[in-house]
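Here are some questions and answers for someone meeting this structure for the first time. They begin with the metal site and go on to the pockets.

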Amino acid sequence: MPFFDIYKHFIFPSKRTKILLCFLIIFMLFLGYIIVQLTGGTKFAYLHILYIPVILAGLVFSIQGGIGAGVAAGILMSPFMPTQYISEQSQPFLSWAMRMIIFVLVGAISGVGASIFRAYIKELELKQITDPLTGLPNLHGLTKIFSEIVQMTHKTLIVVAVELNQIQKISAALGEEGTDQLTKQVADSLRQCVGKNGFLGRLRAHGFAILIPEEEHVLEILKNFESLSENTYLVNTIPLFVEMRFGISRYPNDDNDLNHLIRKAQLAIKTNQNQTERISHFDKSIGDFSEHNLLILNQFKTAIDNKSLVLEYQPKAYLQTGKVMGFEALVRWSDPVLGLVNPMDFVPLIEETLLITPLTRWVLETALSQMDQWNRKGLLVPISVNFSIRNLQDPSIFETVVHLLKNYKIPPHFLEVEVTETCVASNMSILVATLKNLREIGIRLAIDDFGTGQASQQYLFELPVNAIKIDKLFVQSISYNSTATAIVKNAIALAHDLNLDVIAEGIETQNEYDLLKEWKCDGGQGYLIGRSMKAEDATAWLKERVKPHKPKGKA
Ligand code: C2E
Ligand code: MG
Ligand code: MG
């Protein structure tokens with residue numbers, strides 16, 4: 001048993017421990033009596049053994065226990081105990097009365113001391129489980145309540161997570177003090193809604209959680225929540241509406257651990273963010289998905305160091321001549337735990353984290369070192385690299401590109417940066433500056449997946465691009481869908497009017513190839529031309545098609 005548990009058993013003994021300790025104290029008192037008697041009586045120092053059960057009684061049973069044991073010890077060492085057992089000489093009254101008073105005093109002091117200490121520990125514990133702002137239980141407090149309910153009832157339990165919408169914006173406007181005032185008011189209204197049917201607690205940041213032990217009370221509480229949407233909260237005389245969202249998970253169906261249950265209830269809110277319902281229920285598909293995502297992120301942290309990333313190269317060709325136009329660098333990840341992970345399954349996740357920076361740096365470094373190798377063999381062709389919006393928000397990526405181009409002595413126009421249209425659409429101003437910098441040093445820019453974002457054409461005027469890549473969704477429909485045909489034809493005409501190159505992605509059939517060629521599309525990429533290949537295969541593919549020329553760039 002760990003030390004802390006032993007100490008807790010002693011300071012806050014259970015009923016059983018109390019009974020055991022009571023017997024132990026009585027036993028010690030009598031043992032003390034016998035020892036004193038056998039060693040010759042109260043004249044000798046063995047008498048002080050009796051302080052042990054007296055102090056112990058005070059510690060366990062507080063002041064009453066200490067006094068009781070003190071009196072008992074005093075009586076045992078009193079008229080019944082002659083000074084000298086052998087000579088049977090009795091003790092003077094004053095002597096034993098005085099001793100009894102000292103026993104009682106020691107017992108009382110030990111009892112009072114233990115009570116003060118116990119109260120102090122209780123206060124510390126209470127602080128540990130209470131949120132100081134609202135006075136509600138915090139996560140530790142809720143966990144304690146949760147374990148007590150689960151152990152006592154063995155029944156199901158409902159966990160409701162509460163999140164305040166737009167709270168970050170409200171906090172930014174109100175400042176810390178204002179946000180505290182608001183939180184207190186929200187806590188009060190939630191407390192009223194929950195009443196005696198559940199346990200409300202405050203989580204870190206601005207969230208709350210509620211434990212509802214009885215299923216039949218859930219509906220009632222949720223109904224009360226509905227009325228909260230009309231509430232206004234007055235902070236610094238400003239009336240505020242606070243929209244709340246509720247997520248629900250269930251013990252034991254969804255999890256056995258309160259932390260996980262709260263996280264799952266919060267996940268239910270997050271995955272439901274775009275919908276209109278204010279109350280969302282956790283279901284397993286949400287959990288599996290997010291746990292898998294978390295695993296992907298965890299595994300990816302070490303992917304670069306573990307060398308489990310590989311860069312493949314998918315060829316692009318000029319449609320009119322069939323000649324090599326270049327390659328697109330596409331990342332492949334083979335993880336020891338997850339196996340081969342599709343870029344569509346991890347790139348969007350990585351883009352949400354800082355990990356996108358080392359990924360893009362690695363792609364750039366690998367692609368440019370490959371270009372260097374091809375250049376030395378007289379086989380240099382352009383390579384395009386996919387950039388995410390986060391890369392363009394990070395000014396240091398520009399320096400990396402400049403450094404790598406210089407290091408590998410690659411002419412900048414051999415490097416193309418692909419940016420997807422959806423990411424362009426959301427953050428124009430930040431993007432334009434970085435893209436202009438890249439363009440100024442001669443790097444080519446292409447808009448990827450053209451046609452899938454909204455208001456695609458607007459960006460063609462605003463961004464310094466060289467090419468657009470029509471998304472495979474449209475290309476693969478041109479053989480049978482007249483709308484796709486119209487979109488692709490229009491995109492080609494528009495790009496040409498703007499003096500841009502057009503590359504069609506995802507060409508899989510000869511018919512698609514022929515149609516695009518007829519419509520004067522400049523380039524194409526797709527399984528018909530070639531799938532993405534490992535570096536050695538791409539080199540062999542190039543050798544078959546490109547006549548070696550003198551290395552490019554400064555020697
Ligand atoms: P993307 O940039 O549009 O890349 C083209 C995707 O289409 C590639 O998928 C490619 O393998 C696939 N593809 C090419 N030809 C055909 C075809 O004929 N038929 C079909 N069905 N598909 C074809 P992949 O490699 O799975 O990559 C998917 C996306 O992941 C890429 O789309 C890109 O947005 C992203 N991605 C890949 N590598 C990187 C990278 O290094 N960095 C970043 N930020 N994103 C990357
Ligand atoms: Mg691309
Ligand atoms: Mg694409």
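Q: Which residue bridges the magnesium ion (ligand 2) and the magnesium ion (ligand 3)?
A: In this predicted model, the two magnesium ions, ligand 2 and ligand 3, lie 4.1 Å apart. A single named residue bridges them, and that residue is D448.

Q: Which parts does the pair E418 and D448 tie together, and how many residues apart in sequence are they?
A: E418 lies in strand β12 (residues 415–420), and D448 lies in strand β13. The pair therefore ties together parts whose separation in sequence is 30 residues.

Q: Which residues coordinate the magnesium ion (ligand 2)?
A: The coordination distances run from 2.0 to 2.2 Å. Along the chain, the donors follow the spacing E-x57-N-x31-E-x29-D. With their atoms, the coordinating residues are E328 (OE), N386 (OD1), E418 (OE) and D448 (OD).

Q: Is E418 buried or exposed?
A: Buried means under 20% relative accessible area. The relative accessibility of E418 is 1%, so E418 counts as buried.

Q: Is D448 buried or exposed?
A: The cut-off for buried is again under 20% relative accessible area. D448 has 4% relative accessibility, and therefore D448 counts as buried.

Q: Which residues lie nearest the centre of the largest pocket?
A: This pocket has a volume of about 1200 Å³, and 39 residues line it. Elements that each supply at least two lining residues include β9 (324–335), β11 (383–387) and β13 (444–450). Nearest the centre lie E328, L330, P343, M344 and N386.

Q: How many residues of the lining of the largest pocket are charged?
A: The lining divides into three classes. Nonpolar residues number 14 and polar residues 14, while the charged ones number 11.

Q: Which element gives the largest share of the lining of the second largest pocket?
A: About 530 Å³ of space lies in this pocket, which is lined by 24 residues. Among the elements that each supply at least two of them are α5 (139–153) and α6 (167–194). The largest share, 6 residues, comes from α8.

Q: With which side chains does the side chain of S532 make a polar contact?
A: S532 sits in the loop between β16 (523–525) and α20 (535–545). Leaving aside neighbours within four places in sequence, residues in contact with S532 include Y313, Q314 and L330. Its side chain makes one polar contact at 2.8 Å, with the side chain of E312, and one at 3.3 Å, with that of R332.

Definitions and conventions. Residues are numbered from 1 along each chain as its sequence is written. Chains are lettered from A and ligands numbered from 1 in the order in which they are written. This is a predicted model: local features need pLDDT of at least 70, side-chain atom pairs count only at pLDDT 80 or more; totals for chains, interfaces and linings use all residues. Side-chain values use heavy atoms; hydrogens and water are left out. On a 1 Å grid over the protein atoms alone, a cavity is a set of points where a 1.4 Å probe fits but cannot get out, and a pocket is an open set with protein on both sides within 12 Å along at least five of seven lines; lining residues have an atom within 4 Å of a point. Grid points are joined across faces, edges and corners, and a volume is the space filled by probe spheres set on the points. Helices (H or I, at least four residues) and strands (E, at least two) are DSSP runs, numbered from the N terminus. Ala, Val, Leu, Ile, Met, Phe, Trp, Tyr, Cys and Pro count as nonpolar, Asp, Glu, Lys and Arg as charged, and the others, Gly among them, as polar. A polar contact is a pair of N or O atoms within 3.5 Å; within protein, one must be able to donate a hydrogen and the other to accept it, and residues adjacent in sequence count only if both atoms are side-chain atoms. Contact means heavy atoms within 4.5 Å. Donors are N, O and S atoms within 2.8 Å of the metal (3.2 Å for Na, K and Ca); water is not among the atoms, so sites may look incomplete. Buried means under 20% relative accessible area, exposed over 50%, partly exposed in between (1.4 Å probe, protein chains only).
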